[in-house]
Amino acid sequence: MFFLANRVVVTGLGVITPIGSGRDNFWQALLAGKIGIDRISRFDPEGYACQIAGEVRDFDPADYIPKKEARHMDRYSQFVVAASDMAIKDAALDLEKVDKDRVGTYIGSGIGGIETMYDQYKKLFDRGPRAISPFFIPMEISNMGTAQVAIRYGFHGPSCCLVTACATGTDSIGGALRMLQRGDADVMLAGGTEASISPTAVAGFGQMKALCTDHNDDPVHAVRPFDKNRSGFVMGEGAGVVVLETLDHALARGAHIYCELAGYGANSDAYHMTSPLPGGAYQQKCMELAVKDAGLTPDDIDYVNAHGTSTHMNDQGETDAIKGLFGARAYDVPVSSIKSMTGHLLGAAGGVEFVATVLAVEQDMIPPTMNYETVDGDMDLDYVPDKPRRHKVRAAISNNFGFGGHNACLVAKKYAE
């Protein structure tokens, strides 16, 4: 086992979400309980089982990317370039002074350019192979988001894309943490991005019976993590990117430090393509790995930012895992799911939800779980219903669990010299 020498801190935050883009807009929307779920506008959803989603409706790629370049990017890549721009500016990272050979990108997407794929398949079927764009493949492939960020800024450090479904953003941040700890880079941009509110994706998740289908006329109340009357998740889109630095690098340039990224855990249920292992045993072990990696114990954790998808098996398993981790103390640890406001951002969920976790640690404020009204059996933890809460957060866990049994957890803690 090698010795991980470098401490790693968070110095910049960038988000594109259905409830607001940019750190301050996003955070204030969370604390206000703003819900970004509405009828789908990107295509006509009539006839689809689920006709609602968390769309990003205030996004103009021209605000961040020259129009010619933007035309050659899928929406998921546009999102992550914009979120990275925000994160770099938030970190006050001087691109003229930083050693770009020591700056890397580790940004994943669970699905990649599915909107581009859908559009190009339509051209193929309607007009034949010569109608396909020469940019089809580089727009569609999942690594192009992280590549576009590296290309835009000339970052020559490690550039990686990992795909672990809904755990993608969390695993990407964890992978960046390891690179910084090992000394492979001084700065990493890390997170996740997704833009999959397209006909094939919505139809596919619908056919799996994973989506909420009984609130098409009442989208604000559709996502109900941990509530007895939950009936499935609602898709969202967006991107979440953080700037991570070795502590020495951040201190040398006088950076604002939000918190320390102290721990990461990952494992597999090895159980089923889409269903989590009942009982949450390996979700619990994943949290244990992250807490141990941080050099902490469960008694040091004051908040859990839950995966909280509003599906029956996930919410039950995650609750069981939290109870297993904390024992009797589980009832004293606030747990909340911001998916109740943003919808499920799939591969971007981990990036966006880690940003929320970072701000909770820095500001000692817990964002709420909206629409939690009725206790469901032994799912009886403190889910912080409907209103934010002032609460001392020494350290927090951010959970994300993906199809295929991918489990990933991060631990953020208050920075102390």
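Here are some worked exercises on the structure above.

You're looking at a predicted model, where local features need pLDDT of at least 70, side-chain atom pairs count only at pLDDT 80 or more, and totals for chains, interfaces and linings use all residues. Residues are numbered from 1 along each chain as its sequence is written, and side-chain values use heavy atoms, with hydrogens and water left out.

**Exercise 1. In what order do the strands of the open sheet of 10 strands come, and which are the edge strands?**

Step 1: Get the terms straight. Helices (H or I, at least four residues) and strands (E, at least two) are DSSP runs, numbered from the N terminus. Two strands pair if DSSP finds at least two bridges between them.

Step 2: Read off the order. It goes β5-β4-β6-β7-β1-β8-β14-β13-β9-β10, and the pairing is mixed.

Step 3: Find the edges. β5 (159-160) and β10 (335-336) each pair on one side only.

**Exercise 2. Follow the pairing through β4, β6, β7, β1 and β8. In which sense does each pair run?**

Step 1: Start with β4 and β6, which are parallel over 6 bridges. Gly-108 has Gly-192 in β6 as its bridge partner.

Step 2: Move on to β6 and β7, an antiparallel pair with 8 bridges. Here Gly-191 sits opposite Val-241 in β7.

Step 3: β1 and β7 also run antiparallel, joined by 8 bridges. Val-8 is partnered by Thr-246 in β7.

Step 4: On to β8, which pairs with β1 in the antiparallel sense over 2 bridges. Val-9 stands opposite Glu-260 in β8.

**Exercise 3. How many residues of β1 and of β6 are buried?**

Step 1: Set the cut-offs. Buried means under 20% relative accessible area, exposed means over 50%, and partly exposed is in between (1.4 Å probe, protein chains only).

Step 2: Count β1. It's mostly covered, with 9 of its 9 residues buried.

Step 3: Count β6. The tally is 8 of 8 buried, so β6 is largely enclosed by the rest of the structure.

Step 4: Check both faces of β6. Val-187, Leu-189, Gly-191 and Thr-193 are buried on one side, and Met-188, Ala-190, Gly-192 and Glu-194 are buried on the other.

**Exercise 4. How do α1 and α13 cross, and which residues meet?**

Step 1: Recall the general recipe. Two packed helices are described by the angle between their axes and the distance between the axes.

Step 2: Know how the axes are made. They are lines fitted to C-alpha atoms, for helices over the stretch in contact, and angles run from 0 to 180 degrees between N-to-C directions.

Step 3: Apply it. The axes of α1 (residues 23-31) and α13 come within 11 Å and cross at roughly 80 degrees.

Step 4: Classify the angle. Under 35 degrees counts as roughly parallel, over 145 as roughly antiparallel, 65 to 115 as roughly perpendicular and the rest as oblique. That's why α1 and α13 are called roughly perpendicular to each other.

Step 5: List the residues in contact (heavy atoms within 4.5 Å). Arg-23, Phe-26, Trp-27 and Leu-30 of α1 meet Val-352, Val-355, Ala-356, Leu-359, Ala-360 and Gln-363 of α13.

Step 6: Sort them. Ala, Val, Leu, Ile, Met, Phe, Trp, Tyr, Cys and Pro count as nonpolar, Asp, Glu, Lys and Arg as charged, and the others, Gly among them, as polar. The split is 8 nonpolar, 1 polar and 1 charged.

**Exercise 5. Is Ser-336 buried or exposed, and what does its side chain touch?**

Step 1: Place Ser-336 in β10. Its relative accessible area is 0%, so Ser-336 is buried.

Step 2: Define a polar contact: a pair of N or O atoms within 3.5 Å; within protein, one must be able to donate a hydrogen and the other to accept it, and residues adjacent in sequence count only if both atoms are side-chain atoms.

Step 3: Find the partners. The side chains of Ser-336 and Tyr-303 share a polar contact of 2.6 Å. A polar atom of the Ser-336 side chain also lies 2.8 Å from the backbone oxygen of Pro-367.

**Exercise 6. Where does Arg-394 lie, and which side chain does it join in a polar contact?**

Step 1: Locate Arg-394 in the loop between β12 (389-390) and β13. With a relative accessible area of 38%, Arg-394 is partly exposed.

Step 2: Look for the partner. A 2.7 Å polar contact joins the side chains of Arg-394 and Asp-302.
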